[in-house]
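Please look through the sequence and the structure below before reading on. The paragraphs that follow take up one helix and then a set of paired strands.

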Amino acid sequence: MDCNTGIFEEIRSLIQARNSKKAYVRSFGCQLNVSDGEKIKGLLKQSGYDFTEDENDADLIILNTCAVRENAEDRVFGIVGSMKSLKELRPELIIGISGCMTAQEHIAEKIKSSYPQVSFVLGTSALNALPALLLEALKGAKYSEDRREYDDFSQVCEQIRESTFKASVPIMYGCNNFCTYCIVPYVRGRERSRKAEDIIAEVTQLASDGYKEIMLLGQNVNSYGNDLSDGLSFPQLLRRLNDIEGDFVIRFMSSHPKDASRELLDAILECDKVAKHLHLPVQSGSNDVLERMNRRYTVEKYLETVDYLREREPSFSFTTDLIVGFPNESDEDFEATLELIKRVKYDNIYSFIYSKRTGTKASVMEDKISDDVKSRRMRRLLEVQREISTEHYKRFVGEKMRVLVDGESKKREGYLTGKSNEFIIAEFAGDSSLVGSFVEIEVTEAKNWAVIGKIID
C-alpha cells in the first residue's frame with residue numbers, strides 16, 4: 001500500500017471540520033505491540049491527529065491488543081464494554097481495535113456482533129490500512145475491518161517513538177515454532193523477515209538522530225533471514241549493524257535456544273556495540289517438560305550455550321523466562337528447574353504460573369496439579385532466584401560499569417537509574433540532565449534487584 005495517498009488529506013479535512021483531532025492510543029503486551037502502537041501513532045499524526053493521555057478527552061480511541069493470555073483478552077473486552085457509555089455521550093467518537101486479538105476469527109466476530117461501539121478492527125499485518133478504515137468511520141460507516149496479510153509489513157511512513165534515546169526496531173514478524181503453550185504463531189502468522197537493507201537504513205538513521213539503545217525485535221530473532229532467498233543471517237546482520245557509526249548499544253529479543261548457533265554467540269562476543277547479555281528463555285529445567293512444550297532442545301544443549309559464553313566472558317549476563325506448573329509438572333520436574341537456575345546463575349528471571357490458553361495444544365492436556373501447588377512452587381522459585389541475584393551481583397562490586405541513564409530513581413531523591421551493558425539495573429547519585437546519556441560508574445554495593453554505584457568523573 002502506498003503511504004503517499006490522498007486519504008490523509010481527506011481525513012485532515014474531515015477532522016478539522018468536526019473539530020475532532022484528539023487521539024488516544026493504548027498498547028497492551030509485548031514490545032512488538034508497543035512498536036506497532038508507535039507506528040499507529042505515526043499514521044495518525046500524518047492524518048492530522050494530536051494525542052491525549054485521557055480517553056475521556058479523545059475523539060478517536062485505538063486499543064492495540066495482546067492475545068498471549070486469555071485474561072489479557074478479558075481485560076480488553078472489559079475496557080471496550082466500559083466505553084459504551086462514552087459512545088452514547090459522544091456519538092461521533094470513533095473506537096478501533098487492533099493487535100493480536102483481532103487475528104482470531106471468533107474474536108473479530110465477537111467484536112462485530114457484541115460491541116456496536118467499535119467502529120473498525122485492524123489486523124496485525126494491516127497497519128497501513130488504518131487510514132482507509134479511519135476514513136470510512138469518519139464518513140459514517142458503522143463498522144469496517146481489514147485483517148488481511150499484506151506484503152508491505154516491513155515499512156510504515158512514520159513512527160512516534162515513546163523515547164528520545166531508546167528505540168525498538170522489529171526485524172521479523174511471526175513464529176514457526178508452535179510451542180504447545182503459545183498462541184503467537186496463530187495470531188502473528190509465520191515468520192517473515194524484513195529486508196536487511198531496510199533494517200540497516202532504519203538503525204543508521206536512529207544512530208544519526210542520537211539514539212543510544214537499539215532493541216531488535218522478533219518472536220525468534222535467531223531465525224531471522226531463513227525465509228529470505230538472498231538475505232543475511234542474524235549473526236551477519238548484527239555485524240553489519242555493529243559497523244554503523246555512532247555511540248549506541250544493540251540489544252535483541254527474543255532468542256530461541258535451539259537456534260543459538262556458535263556463529264551467533266561469536267558475533268555477540270566480538271561486536272563491541274552488541275550488549276554482553278542474552279535473554280534466552282529456557283521455560284523449564286526438565287527435559288520431559290521441554291519435550292511436552294515442543295521446545296526442541298534439551299537442558300544439556302541449553303547449558304552448552306551458557307558455558308560457551310561464560311568460558312569466554314565470565315561476567316556474561318543471562319536472563320530467562322520460566323513457566324511454573326506446566327500441565328502435570330512433577331515435583332522432580334520443578335526441582336530440576338531450581339537446579340538449573342542455580343547452575344546458570346541468571347541475573348534475572350521472568351516467571352509465570354502456567355495458564356491455559358484456548359487454541360493451543362497444551363490447553364487440552366490433562367493437568368492434575370492444584371493451583372495451591374503451583375503457587376507454592378512459584379514462591380519457592382522466586383525465593384531461590386533472590387538468593388542467586390544477591391550473590392551473583394557481587395561479581396560487579398569494585399568494577400567499572402557503563403550505564404545508559406533511563407531516568408530518576410523512584411526510591412531515592414537525587415539518584416538516577418539505568419541499565420548497564422549487561423542489562424543490570426544500576427542506581428547512583430546524579431543530575432537529571434544525564435538522562436539519555438551514557439555514564440561510567442564504579443559499583444560499590446550489590447542488592448538482589450540492582451547494583452549501587454557512583455559516577456566516575
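How many residues does helix α3 have, and how far does it reach from its first C-alpha to its last? In this predicted model, helix α3 covers residues 70–82, which makes 13 residues, and its span from the first C-alpha to the last is 19 Å, close to the 18 Å expected at 1.5 Å a residue.

The next point concerns the two sides of this helix. Five residues of α3, namely E73, V76, F77, I79 and V80, are buried, and because they cover an arc of only 160° around the axis, they lie on the same side of α3. N71 and D74, by contrast, are on the other side of α3 and are exposed, with over 50% relative accessible area. As for what the buried residues of α3 pack against, their partners are the strands β1 (22–27), β3 (60–65) and β4 (94–99), together with the helices α4 (84–89) and α5 (105–114).

Further along the chain, strand β15 (residues 400–408) runs antiparallel to strand β16 (residues 415–420), and 5 bridges join the two; within this pairing, V405 has G418 of β16 as its bridge partner. The two strands form a hairpin with 6 residues between them, and in its turn G414 has a positive phi of about 85°.

Strand β16 is also joined by 5 bridges to strand β17 (residues 425–429), again in an antiparallel arrangement, and here the bridge partner of Y415 is A429 in β17. β16 and β17 form a hairpin as well, with 4 residues between them, and F423 in the turn has a positive phi of about 70°.

Terms used: Residues numbered from 1 in each chain as written. Predicted model: local features only at pLDDT ≥ 70, side-chain atom pairs only at ≥ 80, totals over all residues. Heavy atoms only, no water. Expected span 1.5 Å × (residues − 1). Buried < 20%, exposed > 50% of the residue type's maximum accessible area, 1.4 Å probe, protein only. Arc of directions from axis to C-beta. Contact = heavy atoms within 4.5 Å. Pairing = 2+ DSSP bridges.
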